[in-house]
Amino acid sequence: MDAATAVTATAGAAAAMVWFRKGLRVHDNPALDAARRGAARVYPVFVLDPRYLRPDPAAHSPGSARAGVARVRFLLESLSDLDAGLRRLGSRLLLLRARDDVPDALCAALRDWNIGKLCFEADTEPYALARDKRVTDFAAALGIEVFTPVSHTLFDPAEIIEKNGGRPPLTYQSFLAIAGEPPKPVMAEYSELPLIGDTGEYELLPVPKLEELGYGDISQENISPFRGGETEALKRMRESLQDKEWVSMFEKPKGDPSAFLKPATTVLSPYLKFGCLSSRYFYHCIQEVYRSTKKHTKPPVSLTGQLLWRDFFYTVSFGTLSFDHMKGNKICKQIPWRQNEELFVAWRDGRTGYPWIDAIMIQLRKWGWMHHLARHSVACFLTRGDLFIHWEKGRDVFERLLIDSDWAINNGNWLWLSCSSFFYQYHRIYSPISFGKKYDPNGDYIRHFIPVLKDMPKEYIYEPWTAPLSVQEKARCIVGRDYPKPVVDHEAASKECRKRMGEAYASNRLGGNTVNGKTSESSRRKSSDGGQDASDLSKSKQPKRRS
């Protein structure tokens, strides 16, 4: 090796790249921490993925095929905040645009910048696994050191599965028994990062504005009240944890799904989804609050219990082939869902004629977020409650529009709420009338998101079709003209859904279980999930209130 080659090799070994995908933060970021150690230069990179961002004119709302504008805006805000955080450390975010796919763009930079070490957070989603394998294979061929720590979840799903004999634990309690305590967050503090090296002829982009992505006229699109980024994530977390009594007494099944001006939850899920907030750091901070209080709630309903639920779904999804489909998914009941595009579109667009359901779907479209019990209401209505339409159709809508859309959790929740897996008490159905009414008898939530109903008297706000014509005229809302009539009769539809579910269960010959021939523990527990709140369900049109 001549002197020039030796110098080049040494320089290459001293150059590290940290590749951001999720994990859009500086705090508790093992990949970033590893990249900076021993490196003379660090290249912090994010690649704009056309699969995720390319405009889709055929989509039912502005955005791409996979992301509505609310989530794209949240991503761009998170990238801007990450860039600002890196600049405070003397670095910056290097934003690249992939022409076709991300691996091609990233591998070219690895080669051209003579990178010696590549660090990125491990991912478990099928698309990410295929993408990352292409990159790691390329890096290995060039002799690039690769470090992929697990830091998006509390635990390593692969380790949990290995401890469980090579199978994912299919109940929350069995998951907890295996998991134990999560690793501590990386608390290393540093005031600067190594400088960025020469990027050659590469076009380094500023974080684009939403309007520059080609989604057409988005001037009428509502701006979600939840701003993306690590700064906002840490601020929101600290504000939530200031009320120590609230933290220690937190119980997930409780909460008001109609609260919208001040949501009845932390609304930290989108920050966890994008990795603006570390789940391990959040867990660690909650534990500190617990240590300062006399008593606190326990999993599954506690605040830490919610983070453990997140890991549970990540683990099951990672270890289950075709987790995001009914067919080929061994833990999913095979149910003959019906095809009815007209009913599906009415649900998707908030035109079912049931104001509680429609208001939730409109909030989803406008804000990219709604309370977990609101999500349960509309998911039940679409599937086993009223319309008997495939959960995959609803999953796709949530996946595209939710700012906290998470592949593992979104699919897991739809499997649960459709009674296709995990939870099997299909006869317990959310009423699209009385469930919302018990939280918001005046219908303020409905009036906000469906302005045409704002003057409807409260005794009719959940069932406007029952209002006398004179009342409808006075409210300037004629049902069938200004607001749709119900697409189905809930009482008759829910009865038919129960019948169909019963027949499907009988044909599956599983009797409500998919776990080793025994009834799943999660199906026996009324509120074991801290989110899929069975105690808020009912067998009849008018559910009894429960404490």
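1. For the ring counts below, two rings of Phe, Tyr or Trp (for Trp, its six-membered ring) pair if their centres lie within 6.5 Å. By that yardstick, a search of the whole structure turns up 39 aromatic pairs. Do keep in mind that this is a predicted model.

2. One pair to look at is F260 with F449: the ring centres are 5.6 Å apart and the planes stand at 65 degrees, so this one is edge-to-face. The two rings come from distant parts of the chain, 189 residues apart. F260 sits in the loop between α10 (244-248) and α11 (269-273), while F449 belongs to helix α20 (residues 444-449). Both F260 and F449 are buried.

3. Next, F313 and F422, another edge-to-face pair, with 5.5 Å centre to centre and 75 degrees between the planes. F313 is in helix α13 and F422 is in the loop between α18 (407-417) and α19 (434-437), so the pair ties together parts 109 residues apart in sequence. Burial? F313 and F422 are both buried.

4. Back to F260 and F449 for a moment: they are members of one aromatic cluster, together with F226, W356, W367, W369, Y430, F435, Y439 and Y445. I'd colour those residues and have a look at them as a group.

5. Then there are charges over rings. The charged end of R51 sits over the ring of Y127, 3.8 Å from its centre. K273 lies over the face of F274, and here the figure is 4.9 Å from the ring centre.

6. Helix α13 (residues 303-318), the one carrying F313, also meets helix α8 (residues 172-179): their axes come within 10 Å and cross at roughly 95 degrees. Angles of 65 to 115 degrees count as roughly perpendicular, so α8 is roughly perpendicular to α13. On the α8 side the contact is made by Y172, F175 and L176; α13 brings G305, L308, W309, D311, F312 and T315. By type, the residues of this contact split into six nonpolar, two polar and one charged.

7. Last, α18, which comes before the loop that holds F422. This helix is mostly covered, with nine of its eleven residues buried. The buried set includes three tryptophans, W407, W414 and W416, along with A408, N410, N411, G412, L415 and L417. Just after α18, check the backbone at C419, where phi is positive, at about 60 degrees.

Conventions. Residues are numbered from 1 along each chain as its sequence is written. This is a predicted model: local features need pLDDT of at least 70, side-chain atom pairs count only at pLDDT 80 or more; totals for chains, interfaces and linings use all residues. Side-chain values use heavy atoms; hydrogens and water are left out. Axes are lines fitted to C-alpha atoms, for helices over the stretch in contact, and angles run from 0 to 180 degrees between N-to-C directions. Helices (H or I, at least four residues) and strands (E, at least two) are DSSP runs, numbered from the N terminus. Angles under 35 degrees count as roughly parallel, over 145 as roughly antiparallel, 65 to 115 as roughly perpendicular and the rest as oblique. Contact means heavy atoms within 4.5 Å. Ala, Val, Leu, Ile, Met, Phe, Trp, Tyr, Cys and Pro count as nonpolar, Asp, Glu, Lys and Arg as charged, and the others, Gly among them, as polar. Rings of Phe, Tyr and Trp (its six-membered ring) pair if their centres lie within 6.5 Å; planes under 30 degrees apart count as stacked, over 60 as edge-to-face and the rest as tilted. Buried means under 20% relative accessible area, exposed over 50%, partly exposed in between (1.4 Å probe, protein chains only). A charge sits over a ring if NZ of Lys or CZ of Arg is within 6 Å of the ring centre and within 35 degrees of the ring normal.
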